[in-house]
Amino acid sequence: MQRRLPVFTGIALALAATASPVAAQTFAITNAHLLTPGPVGEVQNGTILVRDGRIAAAGANVAVPSGVRTIDAKGATVTPGLIAVNTALGLLEVSSVDGSVDNKTHNSGISASFDVQYGLNPASTLIPIARLGGVTHAVVMPDYDDSDKERELPFAGKAALISLGEGAAILHRPGVGMMLELGEDGAARIGGSRAAEFVQLRQIFDLARQAPRDEYPFELSQADVAALKPVLAGTMPLIVVVHRAADIQQVLKLARDYKLKIILSGAEEAWRVADEIAAAKVPVLINPTSNIPANFDMLGASLQNASILKAAGVEIAIGGNDAGHRVREMRYNAGLAVSRGLHYAAGIEALTLAPARIFGVADQMGSIAPGKAADIVIWDGDPLEPLTQPTAIFIAGKEQPLTSRATELGKRYAR
Amino acid sequence: MTRHFSDTISPARTPRAVRAALLGTTLTLLAGCAADASSARPANTPPPPAEPAAAPAPAPFASTYQPRPAADTAIVGASILTGTGTRIDNGTVLMAAGKIIAVGADVAVPLGARVIDGRGKWVTPGIIDAHSHLGVFPAPGVQGHADGNENIDPYTAHVWAEHSIWPQDPVFTKARAGGVTSLLILPGSANLFGGRGVSVKNVPAVTVQQMKFPGAPYTLKMACGENPKGRYGSRGRAPATRMGEVAGFRRAWIDAAEYGRKVDAYEKKHARGEGGEAPKRDLGLETLAGVLKGDILVQNHCYRADEMAVMLDVGHEFGYKTRAFHHAVEAYKIADLLVADDVCVATWATRWGFKMEAYDAIEENAAILSKAGVCVAIHSDEQRLIQRLNVESAVAIAAGRRAGIDIPQEEAIKWITLNPAKIMGIADKTGSLEPGKMADVVLWSKNPFSVYAIAEKVFIDGALVLDTSDPATRYRSDFEIGQPVGEE
């Protein structure tokens, strides 16, 4: 197996030594096995030209201007940076330490208006650890705080897209979706039955749509009503965590009735209604390894979910094994889906361009293509394999360190 | 989040003669790993009487496991990771009468044996999980099924996980699809002494006795750190701190030693034909006394390096040996201590940060420990991970390489085969492909450290219990019958 390419360690020095700032921000990766969704596709011996943090050109026949620093990938696989979904990156340090967790609230006046963009911590040690899995961006989503059992608030709040670039202002785009959990756990928050849950949701939507500025329905605050307006206008997607096939059908109907733009998340039984989801053109965020009949919501959970959905024409994005510490495992999850029938290229796409499209940033990221940000990972093998490691990671053209708090601890004790 | 209140031990009482016989084999096979259960008793100590008079003569809840009918079978042409540190390319594994008969590059296949074409494929010993809660925390995870933690008292050495196991847990089948042939099912980790664990063979069954691994020793689950102090401190009772936990352990071992002396004294009198009343049995102290005698293996849930070092000293103080630290995410900081005390580690590669004592968990843990000579197992503790312990091991291999430690695959396969078998005290019976051992074998579609590898054929005692080419072998538990279940 190919080890870390020594050439990369010289990049920072080369940049520092270059006189012209424009030249400093231009470099090329040559002799790369390009593996990307989009028009460039798979190229055995490709070149990427990066200028000012963006991809200027990519493909088999890319001329590298003279004097531009080149990185010889020596045939290594090069992919776009991975985009994680269903994360709490930047909002979480130690799960059991409440003070280090900012992805949920029990404030009774804040539901739909909860906004993760204000809780982000760029210094979180989880960020470099996720990044070492080739993850360059993440959708950060709110969760529910169920400590107040009296609270009947259906929405968890607004999600954001962040960059995992070192030292950067990590917020990339706020308000990329509104979180709502339905099914067994969702029903428990609003009355204990699905039959109440959907009635109440419809009431909230009706009232929120009609609500004048100074009135608001149920326990929703004025801020919450305002937060729902873009959802009702169809400009902000409603991300619905749901598991059972019948619930998914109800959600599709709700979306039709209210002309909502929706994204399904979890969706363990989605394979059973794959054609209906495809017909509604609704994308799905899944973890293929969620194949346990963990409750009566997901008795049909299956490792085949990803491949069946994709075969039916559903757009899927594949996430990691928890919201924070195990985000880096998302690429293995795509590999496991591939082992159960998902086409390999679809596995790569489910980690990159698919999440970019689902969250409305496919014009900026998700593939190696001219005009997009230079979010690039060079790997020492097949990126879906656990034996493979990244050898270089660029976010918006900036090379990232290949270290984390965990690798530093390992270095201290490894003998 | 996945529950982490798990970890414990408990094999069934093994006849002493059998254990002695095993000991010799185990030491030969295991070069470098810890000795078997009976070695915990100093060699110069005379063996105690056959059975304490206070205990009933027949072992209760005895295994009724019966191997399934097994055709004589040869897997030919595969790459074989034997679990003994060897890789054989284009080799043959021959199984007959439920046992491994021969493994090698030049094995003659007897007439009449079923021949399986293994070309392009890989063979390993059956995967073994040294830390599972299948059946005691089954799926669906409803309150009516939550039977893994007797968490109303920190001292529950008297409970046995096997009395909670629901054999219809559908996850047993999913684990089998991941190549898992044996597992140690432990009580949870809410208590200082969680109770006895039980080793089982991963076969469809209606009763737990039908699954119990024949001849496996019992184990005792102990737990340090955040779980017990969190559980009881929050209720205004001991232990509320780590020092409270250690005090609790020490007090319990003092009681256990006294109980053991009383039983021994009675047995000696009884053997001399003197009268006297047998001490009343105490199920909890009986288990702890079994540990002090070396009959019951200690499986200690413990995360932090400093805590493990303290627990080793508790063992020294009271004369018991810890078979393995479980989770042990900071074990990489004390590899030398673990080598010196010949203690195994059962851990993950990927889980970290879910609580304070897991904050320093690193993917390199297994590789650092392996290099230092510690017997390491990659365990699951959960329902999803048990289906892909091979992938988790690959993560650990890769992390080692990143840190400059190259653990070869023929060594790393021990993390999920021979070493967990050693932790469970069954390494003389399974865990590697060696003549005479149980024919617990997996045929993989690819190299088992690939994410794409599928366990195509799984053999337990030579019987084909799962064959991806034969839907008839896809067992559904009673719970799944009539439900809208999908493929694994």
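In the predicted model, A:Ala374 has a relative accessibility of 0% and therefore counts as buried, the cut-off for that class being under 20%. The residue is placed in the loop that runs between α12 (353–358) and β14 (376–379) of chain A. Along the chain, A:Ala374 and A:Gly397 are 23 residues apart, yet their C-alpha atoms are separated by 4.7 Å. Once neighbours within four places in sequence are set aside, A:Ala374 is in contact with A:Val50, A:Gly53, A:Arg54 and A:Ile55, and also with A:Phe394, A:Ile395, A:Ala396 and A:Gly397.

Some of these partners recur around A:Phe27, a residue of strand β1 (residues 26–35) of chain A, for which the contacts beyond four places in sequence include A:Val50, A:Phe394 and A:Gly397. The other contacts of A:Phe27 under that criterion are A:Ile48, A:Leu49, A:Val68, A:Arg69 and A:Ile71. With A:Val68, the sequence separation is 41 residues, while the C-alpha to C-alpha distance is 5.6 Å. The relative accessibility of A:Phe27 is 3%, so this residue, too, counts as buried.

At the level of the whole chain, the secondary structure of chain A consists of 13 helices and 16 strands, and 62% of its 415 residues are buried. Of the contacts in chain A with a separation of 6 or more, 67% are accounted for by residues 24 or more positions apart. The area exposed by chain A is about 15300 Å², of which carbon and sulfur atoms supply 52%.

Two helix features of chain A can be described in further detail. Helix α10 (residues 330–339) has 10 of its 10 residues buried and is therefore largely enclosed by the rest of the structure. The buried set comprises A:Met330, A:Arg331, A:Tyr332, A:Asn333, A:Ala334, A:Gly335, A:Leu336, A:Ala337, A:Val338 and A:Ser339. After α10(A) comes A:Gly341, a residue with a positive phi near 105°.

The second feature is a helix pair, in which the axes of α5 (residues 194–210) and α6 (residues 222–232) of chain A come within 9 Å and cross at roughly 100°. Because the angle falls in the range of 65 to 115 degrees, α5(A) is classed as roughly perpendicular to α6(A). From α5(A), the contact draws on A:Ile204, A:Phe205, A:Ala208 and A:Arg209, and from α6(A) on A:Val225, A:Leu228, A:Lys229 and A:Leu232. Classified by residue type, the contact between α5(A) and α6(A) contains six nonpolar and two charged residues, with no polar ones.

Chain B has a secondary structure of 11 helices and 16 strands, and buried residues make up 63% of its 488 residues. For contacts in chain B between residues at least 6 apart in sequence, 73% join residues at least 24 apart. Chain B exposes about 16600 Å², with 56% of that area supplied by carbon and sulfur atoms.

Within chain B, helix α5 (residues 283–292) is mostly covered, eight of its 10 residues being buried. These residues are B:Gly284, B:Leu285, B:Glu286, B:Thr287, B:Leu288, B:Ala289, B:Gly290 and B:Val291. The elements of chain B against which the buried residues of α5(B) pack are β8 (193–201), β9 (219–223), α4 (242–271) and β10 (297–302).

A further buried position in chain B is B:Ser393, which counts as such because its relative accessibility is 0%. B:Ser393 belongs to helix α9 (residues 389–402) of chain B. Apart from neighbours within four places in sequence, B:Ser393 is in contact with B:Ile378, B:Trp415, B:Ile416 and B:Phe449. The C-alpha atoms of B:Ser393 and B:Pro448 are separated by 9.5 Å, the two residues being 55 apart along the chain.

The confidence values set limits on the reading of both chains. Chain A has a mean pLDDT of 91, and 91% of its residues reach 70 or more, but over residues 1–24 of chain A the pLDDT stays under 50, although the model has 35 contacts beyond four places in sequence for this stretch. Chain B averages a pLDDT of 90, with 88% of the residues scoring at least 70. Over residues 1–53 of chain B, however, the pLDDT is below 50, and this stretch has 148 contacts in the model beyond near neighbours in sequence. Where pLDDT is low, predicted coordinates should not be read in detail.

How values were computed
Residues are numbered from 1 along each chain as its sequence is written. Chains are lettered from A and ligands numbered from 1 in the order in which they are written. This is a predicted model: local features need pLDDT of at least 70, side-chain atom pairs count only at pLDDT 80 or more; totals for chains, interfaces and linings use all residues. Side-chain values use heavy atoms; hydrogens and water are left out. Helices (H or I, at least four residues) and strands (E, at least two) are DSSP runs, numbered from the N terminus. Buried means under 20% relative accessible area, exposed over 50%, partly exposed in between (1.4 Å probe, protein chains only). Contact means heavy atoms within 4.5 Å. Accessible areas come from the Shrake-Rupley method with a 1.4 Å probe; for residues, only the protein chains shown count as cover. Axes are lines fitted to C-alpha atoms, for helices over the stretch in contact, and angles run from 0 to 180 degrees between N-to-C directions. Angles under 35 degrees count as roughly parallel, over 145 as roughly antiparallel, 65 to 115 as roughly perpendicular and the rest as oblique. Ala, Val, Leu, Ile, Met, Phe, Trp, Tyr, Cys and Pro count as nonpolar, Asp, Glu, Lys and Arg as charged, and the others, Gly among them, as polar. pLDDT is the predictor's confidence in each residue, from 0 to 100.
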